[in-house]
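Ready for a bit of practice? Have a look at the model below, then try the exercises one by one.

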Amino acid sequence: MAWAPPPSAAKLYRPNRFVSLPAELDPATFDTSPEKLRAETERLAIRSRLKRQYLLQLNDPSPPAVIENPALIRWVHAKSQNVYPTFRLTPRTSFLGAVYGLGPLLFWIFVLKADRDRKEKRIQEGKLKRSPFSVFF
Amino acid sequence: MAAGALRGVLWPRAAAGLRAARAALAAPAGARAASEMSQDMMPGPYPRTPEERAAAAKKYNMRVEDYQPYPDDGLGYGDYPMLPNKSQYERDPWYQWDQPDMRHNWGEPMHWDFDMYIRNRVDTSPTVVPWHTMSKHFLLFLSIMLIMFGLGEIYPSYRPVGPKQYPFNDLYLEKGGDPNKKPPTVIHYEI
């Protein structure tokens, strides 16, 4: 009888949102195919071009006052000013907007009102000790 | 994974959008602080055609095969690339980064949650023990301790005790009794 092969170490590890798979267990580390080599070469070309641009500006005899990082500028723009133009009303976004926008408000309205009603009921029944108001405890 | 990353982020996004709208009313549309980058170098809407994808990949300094935008859910990502959710801890500490503390190179596309993944904050490096094992051990320990403490509260168990006995006729003078009157005699023993 043939048993199924035991689960790989990567499957036993079960990486998730909080931890990633170690490189030793990842089969992609040991992949030496020509596609991977070409991909790595292209990435290296992009990286060295960017590094050259940066180092030219950094070691310039009359350097610019601030070396702007276009990636940083794009990141800031994307997170602050590109959200509203690309936002779209879908069932999911309207549901999430209602939950996050109105949810806490309605929750606290009902909790505080119920608490104060309970306190009022206790005052009417005479159970609550009403000490005279003092600012100094 | 994108939904989990978004959960705490929608409300400040709406506030930022409102602020941007108000700022757009104050200044002409398209105006930005003095910077040499033209509008086509900035992030834009979700790319629909393959040419737009190629142009976006070139804009973000990525390979076309590597470039993967966030799914077009209308949540406000636009054409920003979806990079793997790995913290800066996982990057090589011995490589000569342009910014060594951030482990980030000039011009390299930054993760959407870059400020969360810096080395002072969230760390997603692989752990020695798998996450599910760690959480199982921790939750088992916590639940067993809580259950035992709860049972101890519901069914307490101690040696038999009686009420505390005070001398000097139950501390008659100390409790404010009249010194001229004879105190009521309190006897705590039987012979």
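Here come three exercises with worked solutions, all on a predicted model.

**Exercise 1.** Work out how many residues chain A and chain B each bring to their contact, and how much area they bury.

*Solution.* Start with the head count: chain A puts in 46 residues and chain B puts in 61 residues. Next comes the area, which is about 4700 Å² between the two chains, with 57% of it on carbon and sulfur atoms. Now zoom in on chain A: A:Arg74, A:Trp75 and A:Tyr100 supply 15% of the area that chain A buries against chain B, more than any other three residues.

**Exercise 2.** Find the polar links between the chains, then say which helix gives the largest share of chain A's side.

*Solution.* First, count the salt bridges between chain A and chain B: there are 6. One pairs the side chains of A:Arg43 and B:Asp66, at 2.8 Å from N to O. Then add the wider tally, 22 residue pairs in polar contact between the chains, both residues at pLDDT 80 or more. Finally, turn to the side of chain A that touches chain B: helix 2 of chain A gives the largest share, 11 residues. Sorted by type, that side has 22 nonpolar, 12 polar and 12 charged residues.

**Exercise 3.** Describe the largest pocket: its space, and the residues that line it.

*Solution.* Begin with the space, about 1500 Å³. Around the pocket sit 35 lining residues, and the closest to its centre are A:Arg43, A:Arg47, B:Pro84, B:Arg91 and B:Glu108. Last step, sort the lining: 16 nonpolar, 7 polar and 12 charged residues. Spot a familiar name? A:Arg43 is among the residues closest to the pocket centre, and its side chain also meets B:Asp66 in a salt bridge.

Key:
Residues numbered from 1 in each chain as written. Chains lettered and ligands numbered in written order. Predicted model: local features only at pLDDT ≥ 70, side-chain atom pairs only at ≥ 80, totals over all residues. Heavy atoms only, no water. 1 Å grid on protein atoms, 1.4 Å probe; cavity = no way out; pocket = protein on both sides within 12 Å on 5 of 7 lines; lining within 4 Å. Points joined across faces, edges and corners; volume = space filled by probe spheres on them. Nonpolar A, V, L, I, M, F, W, Y, C, P; charged D, E, K, R; others polar. Contact = heavy atoms within 4.5 Å. Buried area = accessible area lost by both parts, 1.4 Å probe. Salt bridge = Lys/Arg side-chain N within 4 Å of Asp/Glu carboxyl O. Polar contact = N/O pair within 3.5 Å; in protein donor to acceptor, adjacent residues only side chain to side chain. Helix = DSSP H or I, 4+ residues; strand = E, 2+ residues; numbered from the N terminus.
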